[in-house]
Amino acid sequence: MIYLFFLSSLVTSFLFVSPKNFHAPLQKGVSLLYLFLCIYSFWKKKYGRHGSDENLTQYLSPISIQNQKRILPYLVGISGFCFVLASTVHAYQLTNFFASSFLFHDADYIGISDILLSVWEGKGFESHYYSESTNGSYLHHHFAPGMFFLSPFVGLVPNRYGLAVGVFFYYQLATILWLYWAYRSKQKNNANIPYKFLVFWVVLTNQLYLYRIGSSYHFEILAVVSGFFFFFQWNKIKSFGSVVANKTKSHLRIQYLTFVSFGLSLLFFLSQKEDIGIYLVLFLLPQLFYECYQGIVRKKIKSWKDLFSLQKHLSFALQILIFGITFLYLVYVFFLYPYVTQSDSHFIWSKILTQDYHSSFKQVTSVSKSIQIFLEIIVSGGIGILQLVPECLGIGFIYLTHFFSSRPWHHEVYSYYSYSLVSFLLYSGILWLKSEKQISLPIVFLILSCLFWKNAMDQNFPLKTESKETWYDQRVQSEVVEDLIMANTILNSDSHPIQSKVPSNEPIVFSQYNLAFFITEKTKLYPLEHLPNQKEICRETNVCYVVIAPQFTDEKLWPKKRIFDTFEGSKFLPLQKIWQGKQVEVWKRIETN
């Protein structure tokens, strides 16, 4: 039977390298197979001669349990290797598809790359795309200093592909790390291979919500990686039982180092985005109340001093410590930092939940649909977390922030917005593996049947790496591709070699949203909307350009009129057209005395 779960763990890996028309039929086929096995195993267990799950397992698989346990590590390793290999191929194809289709818009991919490149160059979180002024700190938009872990990829990988490489690297790393922890957490001394591990193995390697973060080309994938380190260290500390249980110097040193690592991992986790602390508090609240109740009933908490006693009540005291650090961090992020920097960023998180969007965006209004989404989230974690009431309630509290949000992607937990849930979902799965809770074989098959059916219903899992759909006029797009070669040649002619370290020698380019990815990386990019501020911006250099293709746009996303209005409104400043291609225009600012 173990080979069935092994092959199931490879489904998404196969999807990564297979044609799109295979995706839904394959996943539905696997789902129906597990549904059949669920019905069959339930019937066999109830009416057959084999009355136990163990006998039923042996009946379904002629290979002995001992042989399966011996080969399990190799199968898990091969599964992880295939996932990394296939997802790398998928990342390469997907990134090239987005790039060649001009789908890397400046407000997302280019904007984040711009920030990370600034970090790599030692300029801090300077952003040209996320500030109303000419230059501002991205931390006023989102307080996410932890994103600097992506900066080496942006700084070292050429041609603006660094963010894509970094995001998919951390997506693969997150999957492997959580899979490794799950394998370590299985009951090694058990006579049988735990069903819970087999379920988690398949669920993790076919994790829809983790894929959404990894394929979003956003920095939030770091929340899943940092969440792993935080929960891993926390779980390690809880295993001590008491910080003074072992009195030898070596044991105390290990415990103290673990506490330091735990504190750093908590800050690493919180630093990924300003609202991570809010989700962490919501997740831990039910567990805190439960342990408080248990401590009072069992008389482990006799006074307020016991609340902070690492010796008497380690787990509860740790949670109090986490709450305290998180509270101080949130106060700094939402109040002290905005006050010190004289910004109003403390209002952003609360406003974002109720932000109005155009009616053309998909809206979720029915309660039944929201309940369905929540159940799908639970299924993607193996549904066994329903046996862990505090953790299940904590995930429910986090989902309420999505439920009450009017933001379509946040409400549907789509794209990178699932970062608020995935770490807590996977950690709950690890706790389920470690718990004494049991699960029967028919339920295992039912869970996986629901998982693959849910995945088959999502047309964007995985995202298509080629499409007959056209976002722009193909004739215009081909002419833009041809023009960009000459446009970049002109821009490179004014760029200076590396040995010149004078910042003013770096050409500045204002460009429209869909051209920015292809503008030479030897220039400093600004969005076209900042063109009215060119007088202030261009003080930094003697070379300042505007690169536009007015006919090359999406009328819904960025109407042609908006491009013309932005450009024409800045004509009072001295700009001269120095080159006109078939579609692309290159303008240069003329210096006046």
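In this predicted model, T326 touches L266, L270, G277, L280 and V281, leaving aside residues up to four places away in sequence. The residue is found in helix α14, which covers residues 314-341. How accessible is T326, buried or exposed? Its relative accessibility is 0%, so T326 counts as buried, because a residue is called buried when its relative accessible area is under 20%.

T326 is one example from a protein in which buried residues make up 54% of the 593 residues. The secondary structure comes to 23 helices and 7 strands. A look at the contacts shows how the chain is folded on itself: among contacts between residues at least 6 apart in sequence, 75% join residues at least 24 apart. On the outside, the accessible surface comes to about 27500 Å², and carbon and sulfur atoms account for 62% of that area.

Turning to the interior, which residues have the most contacts inside the largest nonpolar core? They are F5, W178, W201, F231 and F510, in a core of 175 residues. Helix α8, spanning residues 162-185, gives the most to this core, with 12 residues. F5 offers a closer view of the packing: not counting residues up to four places away in sequence, its contacts are Y34, L198, W201, V202, V444, F445 and L448. W201 thus appears among the contacts of F5 and also in the list of residues with the most contacts inside the core.

F510, another residue on that list, leads to the sheet, since F510 is part of strand β3, whose two faces are both covered. On one side of β3 lie I508 and F510, on the other V509 and S511, and all four are buried. The strand belongs to an open sheet of 5 strands with the order β4-β3-β5-β7-β6 and mixed pairing. At the edges are β4 (524-527) and β6 (575-580), each of which pairs on one side only. From one strand to the next, the twist averages 25°. Helix α21, made of residues 474-493, packs on this sheet and touches β3, β5, β6 and β7 (585-589). The direction of helix α21 makes about 130° with that of β6.

How do the neighbours of β3 line up? As a general point, strands of a sheet pair through backbone hydrogen bonds, either parallel or antiparallel. Here β3 (residues 508-511) and β5 (residues 544-548) pair in the parallel sense over 4 bridges, with V509 standing opposite Y545 in β5. The pairing of β3 with β4 is parallel too, over 4 bridges. I508 has a partner in each of these strands: it stands opposite K524 in β4, while its bridge partner in β5 is C544.

C544 also takes part in a disulfide. Its sulfur atom lies 2.0 Å from that of C538, and the two residues form the link. The count for the model comes to 1 disulfide. With -45° about the S-S bond, the link of C538 and C544 is left-handed, and both cysteines are buried. Two further cysteines can be compared by their accessibility. Why is C82 partly exposed? Its relative accessibility is 26%, and partly exposed residues fall between the 20% limit for buried and the 50% limit for exposed. C392, with a relative accessible area of 14%, is buried, because that value is under 20%.

Terms used
Residues are numbered from 1 along each chain as its sequence is written. This is a predicted model: local features need pLDDT of at least 70, side-chain atom pairs count only at pLDDT 80 or more; totals for chains, interfaces and linings use all residues. Side-chain values use heavy atoms; hydrogens and water are left out. A disulfide is a pair of cysteine sulfur atoms within 2.5 Å. Buried means under 20% relative accessible area, exposed over 50%, partly exposed in between (1.4 Å probe, protein chains only). A nonpolar core is a set of buried Ala, Val, Leu, Ile, Met, Phe, Trp, Tyr and Cys residues joined through side-chain atoms within 4.5 Å. Contact means heavy atoms within 4.5 Å. Accessible areas come from the Shrake-Rupley method with a 1.4 Å probe; for residues, only the protein chains shown count as cover. Two strands pair if DSSP finds at least two bridges between them. Axes are lines fitted to C-alpha atoms, for helices over the stretch in contact, and angles run from 0 to 180 degrees between N-to-C directions.
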